[in-house]
Structures are given as structure tokens and as C-alpha cells.
Amino acid sequence: MAKPRVFISSTFYDLKQVRADLKIFIESLGYIAVDNNQGDIPYGKDEELDKYCYKEISNIDILVSIIGGRLGSESSVINNASISQVELKTARDFNKQVYIFIDKNVLAEYETYLLNKGNNVVYRYVEDDRIYKFIEEIKGLKVNNIIAPFETTNDIIKYLREQFAGLFQ
């Protein structure tokens, strides 16, 4: 029987414990967790590493996108975008089911960003205002753009448990 493949997408250093906890949760359900930081994606020698991540998204069923305060590494495919941002865009392009989680503090400060857009403002919870521009892009999408705030990994797990139950009902 085929098992659902769930791709975990986020920046690495600030969210590595969240990623590790989510991988354990996903595998406890009998699903396959795909985490590029755990060697779950086969890399070749001919292209930039991030391109192999984008290719792998064509083979998954669900993408879990976790957005925190770090932008992450730049994508080799789209200028001014991070790898995790392009992973989410790629999943949407492939019409994959996506679940988007944004750090509660980042999401609250997003409203301040909207009020001050275009002004020179230093934000407390993000290192780069491109994160807020990306959130604005996500919120502007007509479908497949549900955002859930999170404070802990348990918030994400609780939400996913409910969503997976409804999705596979």
C-alpha cells in the first residue's frame, strides 16, 4: 500500500528541532517524512542542491511549510527568494496539498509591516522584510493559502492531526 509522502520545508538552523519533531510525528502515522536535511532527497552532481529539492516535490503528496524569522539560503532558481519559499511555490505549481505554519510572533508583527510598508523599519521578529513580502504574497492567493500560527511544535502537530484526519477521511 502506498504511504503518503510529506515534505517538511523550513529554514534549517532556527527550526531544526521543529523539523525533527515533525518528522517523528509524520512517521508515527505511518507516512513517509521527506526532509532534505536528513538525507531523504537524493542529490546528484550536475545541478545546484536546491534544484533536487524542487524536483522531489513532484513525488510528494503534502508539503508542510514552516515560516519563522529567518529568510534562509537563497534559491538558485528565483532571485530574492529563499529555498523554502521556492519549495512552497513549487508545491503549489504541482497542485500539491500544502499546510503553512507561521511563527505566532512573526504573524503578529506582519500587521506592523503592513502599516509601515515602504518605510525604513527595523523588525524584531524577522531578519529580512522579504519574509513579510512572502507572507503578503501567500495571503493574496485565492486558494491553498490557509495559514496557521504556531508557538510550539505541538501546535503544528495538533493542527496537522486534525487536517490529516479530514483529508484522508
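Two strands are taken to pair if DSSP finds at least two bridges between them. With that in mind, a good place to start in this predicted model is strand 3, which covers residues 62–67. On one side, strand 3 is joined to strand 1 (residues 5–9) by four bridges, and the two strands run parallel. Within this pairing, Ile62 of strand 3 has Val6 standing opposite. Strand 3 also pairs with strand 4 (residues 97–103), again in the parallel sense, through six bridges. Here Leu63 has Val98 of strand 4 as its bridge partner. To get from strand 3 to strand 4, the chain passes through helix 3 (residues 83–93), and the resulting β-α-β crossover is right-handed.

The surroundings of strand 3 are worth a closer look. Six of its six residues are buried, so strand 3 is largely enclosed by the rest of the structure. In a regular strand, side chains alternate between the two faces of the sheet. In strand 3, Ile62, Val64 and Ile66 point one way, while Leu63, Ser65 and Ile67 point the other way, and all of them are buried.

Away from strand 3, the loop between helix 1 (16–28) and strand 2 (32–34) offers another stop, as it contains Tyr31. The relative accessibility of Tyr31 is 16%, and because buried means under 20%, Tyr31 counts as buried. Between Tyr31 and Leu15 there is a separation of 16 residues in sequence, and their C-alpha atoms are 21 Å apart in space.

How values were computed: Residues are numbered from 1 along each chain as its sequence is written. This is a predicted model: local features need pLDDT of at least 70, side-chain atom pairs count only at pLDDT 80 or more; totals for chains, interfaces and linings use all residues. Side-chain values use heavy atoms; hydrogens and water are left out. Buried means under 20% relative accessible area, exposed over 50%, partly exposed in between (1.4 Å probe, protein chains only). A crossover is right-handed if, with the strands pointing away from the viewer, the path from the first strand over the helix to the second runs clockwise.
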